[in-house]
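Subject: Structure handover and notes

Dear colleague,

I am passing on the structure below, together with some notes on what was found in it. Please read them with the structure open beside you.

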Amino acid sequence: MHPNSKPIPGGAANNTDSIVDCIRGELHRALMSDEFCSNLLSNLVPPLVEAVKEQICNEMHDAFQIELSEKQAQLDKAMEEISLLQRKLENTEELIDRQEQYSRRNCLRINGLGNHWKNPQVSSF
């Protein structure tokens, strides 16, 4: 306060109240104006849409990553099983080949002898 000025009783409080009322009135008019509302919507909606879109994309990405991990684990397990079955098949085919040589050992086929050999006599060795 200036040293030569005299205080006005209740003047400072009235002045502050009138300033607050003036500010309140201007804010009310600004908030209720169509221009403010349209500007608010045009400035607020696009960022909100982007934020929601980004959140949905992130959640979908996470869900797909989990699903993809599960499917990859299933695929890995199936590939291991296929590999095991292929090895078993190869071993089985090898065993069959080994056994075939012994099954043919006692068989002898003779072609071109004609029909007069219908009742051949087999001699033992």
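Is Glu 67 buried, partly exposed or exposed? With a relative accessible area of 38%, Glu 67 is partly exposed, and I begin there since it leads to the charged pairs along one of the helices. Please keep in mind throughout that this is a predicted model, and that every value given here was computed from it.

**Overall make-up**

The protein chain contains 2 helices and 0 strands. Of its 125 residues, 0% are buried, a class that is reserved for residues under 20% relative accessible area. The accessible surface of the chain amounts to about 12,400 Å², and carbon and sulfur atoms account for 58% of that surface.

**Salt bridges in helix α2**

Searching the whole structure gives 5 salt bridges, and I describe some of them here, going along helix α2, which covers residues 34-103.

One of them joins Glu 50 to Lys 53, with 3.2 Å between the closest N and O atoms. These two residues are 3 residues apart in helix α2, and therefore about one helical turn separates them. Glu 50 has a relative accessible area of 43% and is partly exposed, and Lys 53, at 45%, is partly exposed as well.

Glu 67, the residue of the opening question, is the partner of Lys 71 in another salt bridge, in which the closest N and O atoms lie 3.8 Å apart; the cut-off for such a pair is 4 Å. Lys 71 and Glu 67 are 4 residues apart in helix α2, so that about one helical turn lies between them. Lys 71 has a relative accessibility of 43%, which places it in the partly exposed class.

Further along, Glu 94 forms a salt bridge with Arg 98, and here the closest N and O atoms are 2.4 Å apart. Again the partners, Glu 94 and Arg 98, are 4 residues apart in helix α2, and about one helical turn separates them. Glu 94 is partly exposed at 38% relative accessibility, while Arg 98 is partly exposed with a relative accessible area of 43%.

**A polar contact in helix α1**

Glu 26 is placed in helix α1, where its side chain makes a polar contact of 2.3 Å with the side chain of Arg 29. Glu 26 counts as partly exposed because its relative accessibility is 43%.

**The nonpolar patch**

The surface also carries a nonpolar patch, made up of Ile 19, Ile 23, Leu 27, Leu 31, Met 32, Phe 36, Leu 40, Leu 44 and Leu 48, which together have about 840 Å² of accessible area. Which helices supply the residues of this patch? Helix α1, residues 11-32, and helix α2 each contribute at least two, and the largest share, 5 residues, comes from α1. Among the members of the patch is Leu 40, which is found in helix α2 and, with a relative accessibility of 41%, counts as partly exposed.

**In short**

For your own reading of the model, the two points I would set side by side are the salt bridges, of which the search finds 5 in the whole structure, and the nonpolar patch on the surface, to which both α1 and α2 supply residues.

With best wishes

How values were computed: Residues numbered from 1 in each chain as written. Predicted model: local features only at pLDDT ≥ 70, side-chain atom pairs only at ≥ 80, totals over all residues. Heavy atoms only, no water. Salt bridge = Lys/Arg side-chain N within 4 Å of Asp/Glu carboxyl O. Buried < 20%, exposed > 50% of the residue type's maximum accessible area, 1.4 Å probe, protein only. Patch = residues over 30% accessible without salt bridge, like charges linked within 9 Å, V, L, I, M, F, W, Y side chains within 5 Å. Areas by Shrake-Rupley, 256 points an atom, 1.4 Å probe, with all protein chains shown as cover. Polar contact = N/O pair within 3.5 Å; in protein donor to acceptor, adjacent residues only side chain to side chain.
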